[in-house]
Amino acid sequence: MSTLIPCIVAGGAGTRLWPVSREAMPKPFMRLADGLSLLQKTFERVAGLDDVTRLLTVINRELLFRTLDDYRPLNRGRLGLDFLLEPMGRNTAPAIAAAALHAVRHYGEEAQLLVLPADHLIHDQLAFISAVARARDLAEAGWLVTFGIRPGHAETGYGYIQQGEALEAGGYRVASFVEKPDLQTAQTYLEGGEHLWNAGMFCFRADVLLRELREHAPQVVEGVERCLALSGSVEGKQGKQCELDAASFAEVTDISIDYALMERSSRVAVVPCDLGWSDIGSWQALRELTPADANGNQIIGEAVLHNVQDCYIDSPKRLVGAVGVRDLVVVDTPDALLIADARSTQDVKFIAQELKKRGHEAYRLHRTVARPWGTYTVLEEGARFKIKRIMVRPGESLSLQMHHHRSEHWVVVSGMARVVNGERDFLLNTNESTFIPAGHSHRLVNPGVIDLVMIEVQSGEYLGEDDIVRFTDIYGRVPVAETLS
C-alpha cells in the first residue's frame, strides 16, 4: 500500500475555551488532567500507527517552537518531522491542498494523507487504528474518505454526514453533508441511524485529492501552487520546514475543505466508527472528562463549597469558595476569570471576540508566554515599571536587541547567564545582577546545562511590547514589534 503521511492541522483560535485557550496559546496546547496537551495526544495517536515514519504538521509560523516543545519529549527520533508554516489562517482547504502538494513533491503522487485536527480527543486507540486501516483501503481505491462518528445523543453542535450505499472495506458513499441541525432534527438523525457526526478527519491519496480539487475548486490549488513557488524551505535537525509566502498566501481563497470539495465531489466515502471521540469544543465538553462528586460538582484545584450543585470549577492556582450556586462553569487563570451558566458555554466565544475587538491582551496572551528560547511571565506591572520572570532553556539565546524608552535590571535566580550589554560580554552567576540602560544593545544566553531563571525589572517612561529594535536572531525571525519574542 502507498506511503501514509499523517498530517496534523492546527488551526482555529478555540475561543469557546477562553480564558485557557488564547491566540498565542490556542486549544491544541491545552493540558488535560494527565499533563499532556491535545496536540501531544494527537501526536501519540499517529505515532501508534505501525507503518508511519514521518509526520507533517500545518501550523501558524508563530506557534512552531511551541509545537516543537510539545513534540520533543514524545518523539525522541521516532518520526521525521515536516512543517508547513502558515503566516495566517486561510481555513482547511488551502492547508490541506498545501499538504497534498508537499506530499507529492517529497513522497510521490501515490502517498496517502491522513488529515487530523490537532485539538480532538480519541479514547479508543485500537478502534482508531482499525478505522484508519479501512479508510486506507478506500483511499487506495480512489475515494476521498471522511470519518463519521456514530452519535451517542442528539447533538446540535456538530455537522452530520448521511450514509449512502455500502462500499467495500466497511465504508459507505456519502449521500449528503448536513449543517448543524436543531434539536428536533438531531433527534430524528439519532433515531434514523443513517447519520454520523462529522469528525473533520480525512484520508486520501494526494494525487486523488489534487485531481478533485482541480475539478471542483481550482482557484484553491492554483493559489497554493503560486504560494509554494514563492516560499522558502529549509531542512535541518528540526525536520523539513516550508514557510509559506505571506503575500501570496493571503490571496488564496479562504474556504473549508467541506465546502470546497467534500460537498461537491461524487468520490466521497465515509467510514463509520466508535472512537470515544470528542472535539472538546466547549467547557461543557471538557468537563465531561472530569469525574463528578456526589453533588455533581467537578473540581480542579482547591475549593470549599457549601450548598453547591452541578458546577465545574477549574482553578489550579487559587482557592475558590462557592455558596448556594448551581449549574455554573468557573475557570480561573492568573489574569482572567470566567463565570458562565453551564448551559451557555458555547457562548464563551463572544467574550473572546469582544476582547479582540477592544485590543485587550487577554485575548492574545497569558501571563506566561512561550518563546523559542523558553518562557516569560509578567509578575506585576504598574506606572513606569514591569516585573518579569524569565526562563531560558540550556543552549538557547534571546535576540540581540535594544529598547528606546526603558531600562532593565536583571537578577539571576538560578543557572548561569551569558550577557551582552553594550560593548561588554560577560557571565552572571546565581545571585548576581546587571543593569541594561535604555539604548544599549543587549543579549541574554544560557550557556549552561540547566534552565536559566532570572527576574527582570523594567523601568521607564514607556514599557509597551513594541519598544524593541532587534538586530540578530538565531531563530531566523525578522524584526517584529514585540519584546522578548
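Let me begin with the lining of the second largest pocket, whose residues divide into 17 nonpolar, 8 polar and 10 charged. I should say at once that what we are looking at is a predicted model, and that every value I quote is computed from it.

That pocket has a volume of about 1100 Å³, and of the 35 residues that line it, the closest to its centre are V20, M30, R31, P316 and H366. Several elements contribute to the wall, since α2 (64-75), α10 (283-287), β15 (312-323), β16 (328-333), β18 and β19 (374-382) each supply at least two residues of the lining. Which of these gives the most to the lining of the pocket? It is strand β15, with 6 residues.

Strand β15 leads us to the sheet it belongs to, an open sheet of 4 strands in the order β14-β15-β16-β17, with mixed pairing. The strands β14 (298-306) and β17 (336-341) stand at the edges of this sheet, and because each has a single partner strand, one side of each is left without a neighbour in the sheet. On average, and with direction ignored, neighbouring strands here are turned by 25 degrees against each other. If you follow β16 across to β17, you will find the two paired in the antiparallel sense over 6 bridges, and T333 stands opposite A336 in β17.

Let me now turn to the enclosed spaces. The structure holds 3 cavities of 30 Å³ or more, and I will describe the second largest, which has a volume of about 40 Å³. As a general point, rolling a probe the size of a water molecule over the atoms shows where empty space is left. This cavity is lined by A24, M25, R364, L365, H366, T368, V369 and A370, and by class that lining has 5 nonpolar, 2 polar and 1 charged residues. H366, which appears in this list, was also named among the residues closest to the centre of the second largest pocket. The element that gives the most to the cavity lining is strand β18 (residues 368-371), with 3 residues.

Strand β18 in turn belongs to an open sheet of 6 strands, in the order β18-β19-β20-β27-β22-β25 and with antiparallel pairing. Why is one side of β18 left without a neighbour in the sheet? Both β18 and β25 (433-436) stand at the edges, each with a single partner strand, so one side of each is left open in that sense. Neighbouring strands of this sheet are turned by 20 degrees against each other on average, again with direction ignored. Towards the β25 end, strand β22 (residues 406-414) runs antiparallel to β25 and is joined to it by 4 bridges, and V411 has S433 as its bridge partner in β25.

A further region to look at is strand β11 (residues 239-243), where 4 of the 5 residues are buried, so the strand is largely enclosed by the rest of the structure. Strand β3 (residues 80-86) pairs with β11 in the parallel sense over 4 bridges, and L84 stands opposite C242 in β11. Strand β10 (residues 232-236), by contrast, runs antiparallel to β11 and is joined to it by 5 bridges, with G236 standing opposite G239. The connection from β10 to β11 is a hairpin through 2 residues.

Next come two helices, beginning with α6 (residues 206-216), which is mostly covered, given that 8 of its 11 residues are buried. Those buried residues are A206, D207, V208, L209, L210, E212, L213 and H216, and they pack against α3, β6 (144-149), β9 (195-205), α7 (218-229) and α9 (257-262).

Helix α3, one of the elements that α6 packs against, spans residues 92-107 and contains A95. Is A95 buried or exposed? Its relative accessibility is 3%, and because the cut-off for buried is under 20%, A95 counts as buried. Leaving aside its neighbours within four places in sequence, A95 is in contact with V9, V58 and E86. The pair A95 and V9 is worth pointing out on the screen, since the two are 86 residues apart in sequence and yet 7.5 Å apart in space, C-alpha to C-alpha.

Note on methods
Residues numbered from 1 in each chain as written. Predicted model: local features only at pLDDT ≥ 70, side-chain atom pairs only at ≥ 80, totals over all residues. Heavy atoms only, no water. Buried < 20%, exposed > 50% of the residue type's maximum accessible area, 1.4 Å probe, protein only. Contact = heavy atoms within 4.5 Å. 1 Å grid on protein atoms, 1.4 Å probe; cavity = no way out; pocket = protein on both sides within 12 Å on 5 of 7 lines; lining within 4 Å. Points joined across faces, edges and corners; volume = space filled by probe spheres on them. Nonpolar A, V, L, I, M, F, W, Y, C, P; charged D, E, K, R; others polar. Pairing = 2+ DSSP bridges. Axes fitted to C-alpha atoms, helices over the stretch in contact; angles between N-to-C directions.
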